Amino acid sequence: AEVAELEKAVSSYDQGKKSAEKFIALIDKYQGFDTMTNTMLNEFVDKILVHERDRKGCQDTTQTVEIYFNFVGRYIPPSFREAELTPEEQEAFRRREERRDKLHQAYLRRKASGKQQEYDRRYSIKRKPVMDAKRAALRAEDMERGISPPPPACPAKSRRGPLSRPVPRFERKESTDMKIELDYVKVGDYYLPDLTIEPPPDRSLGKYGLLRLRYLKEHRPIVWAKLVMDGKLYAHLLETEDAANDLLERMMPGMAKEAGATEELKAREPMSWVGLMNCCKAQVEEIIFTELIYC
């Protein structure tokens with residue numbers, strides 16, 4: 001048993017030594033850089049764990065963030081380690097913690113009584129125009145730079161069947177002053193709405209079309225229902241699918257070239273090449289989700 005423990009300790013030491021050498025080689029590779037890129041972050045950082053705040057509802061509070069690096073694991077800089085406090089600093093820390101506790105208890109009472117929810121609602125309403133203006137400015141800037149295309153437009157499609165004939169249109173005025181025009185066909189002594197079922201698509205939906213369909217059903221039911229009633233749902237989904245794939249094909253070569261995912265790297269280090277390509281695809285899909293799917 002003692003020999004096994006010694007062998008385990010030696011193996012652990014050798015593994016730690018190899019990991020340290022790899023990390024030092026990685027540091028030597030990126031010496032003297034001016035800009036931190038996504039490729040560098042992916043090579044250095046393994047994972048980041050963000051814990052909940054120590055006190056919710058308190059602006060002046062602490063929150064633990066753990067950074068795990070490749071090859072060496074979690075690293076805590078000396079400036080972030082626990083330091084010995086003087087009696088004066090301990091007293092100031094105690095008073096500050098007491099004040100935070102009082103504020104936290106007050107927050108919990110407001111939350112229990114419902115006043116905190118009312119405050120959050122008013123704050124959200126007040127902040128919404130500001131955030132919408134910022135999003136519009138960012139989207140306009142992206143469109144000028146050619147990064148973000150406008151959402152796809154659905155082509156108009158006639159739903160009139162070959163056996164129907166034009167009849168007087170009936171207009172119904174809603175409370176929102178929106179007019180809905182319907183075609184009617186005479187069946188016997190009655191006029192029935194000329195509603196036709198949208199024909200099945202000539203091809204199946206892909207990943208982005210299905211994501212768009214799910215988003216419309218769950219978060220934009222009115223838009224989804226209108227597209228279904230107009231017979232334009234699958235046309236819209238296929239248009240979104242084509243626009244997303246086209247954007248992916250146009251942006252991926254440039255993103256891969258900027259990240260350094262070349263054919264030489266693919267032949268030399270295929271796993272590194274796969275990681276870089278996945279990172280580039282995730283960045284492009286973030287744009288696709290924002291501008292085409294979840295909008």
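**Close-ups of rings, charges and cores**

**View 1. Lysine 266 meets tryptophan 273.** Lysine 266 parks its charged end over the ring of tryptophan 273, 4.6 Å from the ring centre. "Over" here means NZ of Lys or CZ of Arg within 6 Å of the ring centre and within 35 degrees of the ring normal. The charged end of lysine 47 does likewise with tyrosine 68, at 4.9 Å from the ring centre. This is a predicted model, with pLDDT of at least 70 needed for local features and 80 or more for side-chain atom pairs, while totals for chains, interfaces and linings use all residues. Numbering runs from 1 along each chain as its sequence is written, and side-chain values use heavy atoms, leaving out hydrogens and water.

**View 2. Tyrosine 119 and tyrosine 123, a stacked pair.** The whole structure holds four aromatic pairs (Phe, Tyr or Trp rings, the six-membered one for Trp, with centres within 6.5 Å). In this one, the centres are 6.3 Å apart and the planes differ by 20°, which counts as stacked (under 30 degrees). The two tyrosines sit about one helical turn apart, because they are four residues apart in helix H4 (residues 115-145; helices are DSSP runs of H or I, at least four residues, numbered from the N terminus).

**View 3. Around tyrosine 208.** Ring pairs tie Tyr208, Tyr215, Phe289 and Tyr294 into a cluster. Tyr208 also belongs to the largest nonpolar core, 13 residues in total, and is one of the members touching the most others, along with Leu248, Val284 and Ile288. Such a core joins buried (under 20% relative accessible area, 1.4 Å probe, protein chains only) Ala, Val, Leu, Ile, Met, Phe, Trp, Tyr and Cys residues through side-chain atoms within 4.5 Å.

Note on methods
Buried means under 20% relative accessible area, exposed over 50%, partly exposed in between (1.4 Å probe, protein chains only). Rings of Phe, Tyr and Trp (its six-membered ring) pair if their centres lie within 6.5 Å; planes under 30 degrees apart count as stacked, over 60 as edge-to-face and the rest as tilted.
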